Amino acid sequence: MRGFSVYLGQQTYPELKNYLVKMKEAGFQTVFTSLHIPEDDPTVYKEKLQQLAQLTSDLSLDLVADISPASLGHLGYSFEQADELIEWGISGLRIDYGIDSDIIVSLSQKMKIVLNASTLTAEAIQNLIKKGLVTQNVEAWHNYYPRPETGLDKEAFIQKNEQLRHYGIMMAAFVPGDAKRRGPLYKGLPTLEKHRDTSPFTAAIELWRLGKIDKVLIGDPDLSESTIHAFKRYDQGILTFRTHLYPMNEEVKAIVNQTHTQRMDAARDVIRSQNARIYVQENNINVLPERCHARPRGTITIDNGTNGRYEGELQVTKTTLAPHPGVNVVGNVILRDELLLDLLQPGEVFVLS
């Protein structure tokens, strides 16, 4: 499951509609928005929220709003009445620390409630459950952290997620965007500090596979087309590595452009394509020695004819390896996608884009 963020007033109506449609087509299901409404402009925000809610409702997208008592008041509601926002098209409310537990329990019986995973304790969730919390309507989302060096540590994050999942609560976290970033710092909006300069797709894969997370949300207000395409391919069962490739002849380029499958007997030092050598043999391709350089982590290589029956073997290095006269260097995985090297599973399909 995945979602994305929309910040009220930052797009024209046509831009907002186009963005929502684009993200829905890319498989995103949840829209997150913040309702910390400035006191001097509540009427405009109310109008824009209703506009967003109508669009998400029309597109069958879930809309979750981060809300405070003050912003609810600007909209003419209190937390006791907050479930009435369902009529606007709002699916759920993200409620931070400080809201009365009885109100949280009451709202969970009527709508989706999102609690702050970063500050939620086992004792607090146990107390809510005793009072009648409907855990099926509750999700726990971690914060995002705009300032560099303030994001969460991965190990503590996983420990917290394991603790809360025990109570049957869906867990979510944020990754940064890679197109337009949100001000005032424009340094990305990740939950984990290690993801601040990682591609959104790569960060999402790590959260799903290692982070004990059910849902990933994009914190920043936009994604690049290449990242959107990577998410679409993932829905088709394909992991995308974005690359820098050297100039090469068409025959060698065709080897690289195959849809590859990592061998089931996955190697320690490299990702091995089980398809490439078969393709070379079937098409009688001769791979001549070229650029037999050192192979830093993330290097894409093809074995040349001097390696005998391994001619055409395509690999991506997971560690730094020395030059070899039988191994041609043809390019490298971009730095922001390198984390994927450790996340690709045996037998998983991948492409070099």
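The exercises below, each with a worked solution, walk through parts of one predicted model.

Residues are numbered from 1 along each chain as its sequence is written, and side-chain values use heavy atoms, with hydrogens and water left out. In this predicted model, local features need pLDDT of at least 70 and side-chain atom pairs count only at pLDDT 80 or more, while totals for chains, interfaces and linings use all residues.

**Exercise 1. Find the order in which the eight strands of the barrel follow one another, and describe how S1 is joined to S2.**

Solution. Begin with the term: helices (H or I, at least four residues) and strands (E, at least two) are DSSP runs numbered from the N terminus, and two strands pair if DSSP finds at least two bridges between them. The eight strands close into a barrel in the order S1-S2-S3-S4-S5-S6-S7-S8, with parallel pairing. Neighbouring strands of this sheet are turned by 25° against each other on average, direction ignored. Next, look at one pair: strand S1 (residues 2-5) and strand S2 (residues 30-34) run parallel and are joined by three bridges, and Gly3 has Thr30 as its bridge partner in S2.

**Exercise 2. Describe how H7 lies against the strands and how H7 packs with H8.**

Solution. Axes are lines fitted to C-alpha atoms, for helices over the stretch in contact, and angles run from 0 to 180 degrees between N-to-C directions; contact means heavy atoms within 4.5 Å. Helix H7 (residues 200-210) lies across S1, strand S7 (170-175) and strand S8 (215-218), and runs at about 155° to S7. H7 then packs with helix H8 (residues 225-235) at an angle of about 35°, the axes being 9 Å apart. In this packing Pro200, Phe201, Ala204, Ile205, Trp208 and Arg209 of H7 meet Thr227, Ala230, Phe231 and Tyr234 of H8. By class, the contact of H7 with H8 has eight nonpolar, one polar and one charged residues, where Ala, Val, Leu, Ile, Met, Phe, Trp, Tyr, Cys and Pro count as nonpolar, Asp, Glu, Lys and Arg as charged, and the others, Gly among them, as polar.

**Exercise 3. Place Thr240 in its sheet, and decide whether Thr240 is buried or exposed.**

Solution. Thr240 is found in strand S9 (residues 238-241), which belongs to an open sheet of three strands with the order S9-S16-S11 and mixed pairing. S9 and strand S11 (260-261) stand at the edges with a single partner strand each, so one side of each is left without a neighbour in the sheet. S9 runs parallel to strand S16 (residues 349-352) and is joined to S16 by four bridges, with Ile238 opposite Val349. H8 lies across S9 and S16, running at about 155° to S9. As for burial (buried is under 20% relative accessible area, exposed over 50%, partly exposed in between, with a 1.4 Å probe and protein chains only), Thr240 is buried, because its relative accessible area is 4%. Leaving aside neighbours within four places in sequence, the contacts of Thr240 include Phe201, Ala230 and Val351.

**Exercise 4. State which helices give two or more residues to the lining of the largest cavity.**

Solution. On a 1 Å grid over the protein atoms alone, a cavity is a set of points where a 1.4 Å probe fits but cannot get out, and lining residues have an atom within 4 Å of a point. Grid points are joined across faces, edges and corners, and a volume is the space filled by probe spheres set on the points. The largest cavity has a volume of about 80 Å³, and the residues that line this cavity include Tyr13, Leu16, Lys48 and Gln51. The elements giving two or more residues to this lining are helix H1 (13-25) and helix H2 (42-58).

Key:
1 Å grid on protein atoms, 1.4 Å probe; cavity = no way out; pocket = protein on both sides within 12 Å on 5 of 7 lines; lining within 4 Å.
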